[in-house]
Amino acid sequence: MKDMKIKYYDLLALKGIHTEINIAMLKVIMMSLSGYSSVDFYAEPGHSEICKNKWKDTSVRFHKLRLIPPIFFGSGGRMAVRDAISCLYVLKAFFTTNRYDLLMFSLAYPFAQNLIYLLSKLLNRENVYVCLHGEMEVLIDDRPFRSKKYQNLTKIVLKKKSNIHYIVLGESIFANLKH
């Protein structure tokens, strides 16, 4: 195996939300894989800092992503803006790594999920993992900010045959996928 790097991107979590999930996923990935040379975790600044403080050793490098410009905090367009910005980080992840590197994306909204699918297919990437949990509820939730377009985009990517490895957390979320 070539010199494999692990790049883990959390594209949604803010501050302390989902820190336990991300730390557990990092541990699982590192325990189940051998031969990697480095592990890098990317997340919103507050979230990345909290994860770094909870991590007990220096085996992971923590990096800060800017997911929402401050002008959009509290805005109704926050989800779409965040999804668009996430797509830029997905592009960066694919084009700054080689095909042997493992890419892990946690919490991705539909545009980013579809871009992950497209790039993994076009670039013939097999070491791509997407961890889904709370955002899966977009499939059954009819709140106004979760539009039919978002529901349809999520359904499209999940129905496509791909080499992406999906990790679905939560029994209720897995059950919701049957709709």
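This passage looks at helix H4 and the nonpolar surface patch it shares with helix H3.

The structure is a predicted model, so a word on confidence comes first. Across the protein, pLDDT averages 78, and 74% of the residues score at least 70. Confidence peaks in strand E3 (residues 61–64), at a mean of 94, and bottoms out in helix H6 (residues 171–176), where the mean is 59.

Helix H4 takes in residues 110–122, 13 in total. From first C-alpha to last, H4 covers 18 Å, close to the 18 Å expected at 1.5 Å a residue. Much of the helix is tucked away: Pro110, Ala112, Gln113, Asn114, Leu115, Ile116, Tyr117, Leu119 and Ser120 are buried. Just past the end of H4, asparagine 124 adopts a positive phi of about 50°.

Not everything in H4 is hidden, though. Leucine 118, which sits in this helix, has a relative accessible area of 42% and counts as partly exposed because that value falls between the 20% and 50% cut-offs. Leu118 also belongs to a nonpolar patch on the surface, together with Leu88, Leu91, Phe95, Leu122 and Leu123. Taken together, these residues offer about 580 Å² of accessible area. Two elements, helix H3 (78–95) and H4, each give two or more residues to the patch. H3 makes the largest contribution, with three residues.

Conventions: Residues numbered from 1 in each chain as written. Predicted model: local features only at pLDDT ≥ 70, side-chain atom pairs only at ≥ 80, totals over all residues. Heavy atoms only, no water. Helix = DSSP H or I, 4+ residues; strand = E, 2+ residues; numbered from the N terminus. Expected span 1.5 Å × (residues − 1). Buried < 20%, exposed > 50% of the residue type's maximum accessible area, 1.4 Å probe, protein only. Patch = residues over 30% accessible without salt bridge, like charges linked within 9 Å, V, L, I, M, F, W, Y side chains within 5 Å. Areas by Shrake-Rupley, 256 points an atom, 1.4 Å probe, with all protein chains shown as cover. Salt bridge = Lys/Arg side-chain N within 4 Å of Asp/Glu carboxyl O. pLDDT = per-residue confidence, 0-100.
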